[in-house]
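User: I'm new to this structure and would love a close look at one strand and its surroundings. Could you walk me through what it pairs with and how well it is covered?

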Amino acid sequence: MNDRIVIAVDLDYFFAQCEEVRRPELSGKPVVVCVFSGRTEESGAVSTSNYVARKLGVKSGMPIVTAKRMLKTNPDAVFLPVDHEYYRAVSEKIMQTLRTFSEVFEQVSVDEAFLDVSSITKGNYEIAHDIGRKIKAQIVETEKLTCSVGIAKNKLLAKMATDFRKPDGLTIIQPDEVQGFMNPLPVGKLPGVGPKTEQRMKALGIETIGDLALFDQELLAREFGRNLGPNLATLAQGVDNEPVQEREQEQLSRIITLKRDATKFDFQSEIRPLATDISLKLGSLKSKCRVIGIIVITSDLKTKSRALTLDTPTDSENQILALSSDLFRTYFETEQGNITARRVGIRVSNFASSEVESKNPNLSDFF
Ligand code: TTP
Ligand code: MG
């Protein structure tokens, strides 16, 4: 495992950068992407923000009112609602691009992926560096987005390398640089050490990752448990044998915005394109779904869902359409005009393979 080379890619201020791309006039202004809860005009939390807003103190997760207060004196500040559908579409295109760089691929989240390039680089970090540069250039060229890239001998170190220089960074940790890179970092920078664990570590005199790597194993196990304690110490030494491997997709959804908010709508004609899309995607995944569900986003931005489980898994467009329209019909009948829908969608989950023989997960093409 020692001669692996892993590349981690993390898109910079992803949701906010997507907004800048489709509205170039936002560039240079503080941009805050918000999850409005809909209770009052300003209730909700910050999803993410661009680096202009971050410099002024805005952070993911903070209440929107706090962010507004921080940017009060800045007339250019822009607050936008999250648009997951758009970010997911951008993400899917980027993930497709990344897959062309290595067959050994793992998407971790909407904006983060790992590539194992051990075999294509034959262990040569110069070649890996070149791949890192090409990845960055290609994402800028095709999607106008910057990302940060980390290159190291495992996923843990590659991920930490992406966080080291952001935005638009490219950081390489050569095998002989691991301790020099890790040891001085505050222990909270180690994935798995959240604010609470960090506080408990500080109480034990552990300030840096280097302190943790050298700390008495027995004491760690006593303080953090027989599993977590030794595990943290191993991570602090930069050891991580987790392979880069395709994750199973757990669900698939498609959502549309209705032409106007409605208490009911023509289910069949409106949602047919969603059923078609989902059925095609299931086909390309060589999967069938056991659970079919509907999503209703109300005009006050609350999300409602209903689902049913099938005896036999399906990938049939007609069946997905028929069952989801039934769910919509029943839902809106039960609500008797009390719910006004703004967006509606179909979500399927609990996948079963539609192939008899299992295929190499690293070669599947499910995005
Ligand atoms: P991150 O990669 O953690 O953050 P980021 O891409 O916005 O910024 P960075 O440059 O530091 O990578 O998360 C990816 C997206 O996930 C982010 O754009 C918005 C969303 N997100 C939330 O909705 N809430 C959160 O608390 C965080 C951390 C992220
Ligand atoms: Mg990111």
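**A close look at strand 7**

Analyst: Happy to! Strand 1 (residues 6-11) and strand 7 run antiparallel and are joined by six bridges. This is a predicted model, so please read what follows as a description of a prediction. Within that antiparallel pair, Val-6 has Ala-152 of strand 7 as its bridge partner.

Strand 7 also pairs with strand 8 (residues 170-172), this time in the parallel sense and over three bridges. Here Val-149 is matched with Leu-170 in strand 8. To get from strand 7 to strand 8, the chain passes through helix 7 (residues 155-164), making a β-α-β crossover that is left-handed.

Now for the covering. Strand 7 spans residues 147-152, and six of its six residues are buried. In a regular strand, side chains alternate between the two faces of the sheet. In strand 7, Cys-147, Val-149 and Ile-151 point one way, while Ser-148, Gly-150 and Ala-152 point the other way, and all of them are buried.

Cys-147 may make you wonder about disulfides. The structure holds zero of them. For Cys-18, the closest cysteine sulfur is the one in Cys-147, but the two do not bond because their sulfurs are 12 Å apart, which is too far; a disulfide needs them within 2.5 Å. Cys-18 itself is buried, at a relative accessible area of 0%. Another cysteine, Cys-289, is also buried, with 0% relative accessibility.

Key
Residues numbered from 1 in each chain as written. Chains lettered and ligands numbered in written order. Predicted model: local features only at pLDDT ≥ 70, side-chain atom pairs only at ≥ 80, totals over all residues. Heavy atoms only, no water. Buried < 20%, exposed > 50% of the residue type's maximum accessible area, 1.4 Å probe, protein only. Helix = DSSP H or I, 4+ residues; strand = E, 2+ residues; numbered from the N terminus. Pairing = 2+ DSSP bridges. Right-handed = clockwise from strand over helix to strand, strands pointing away.
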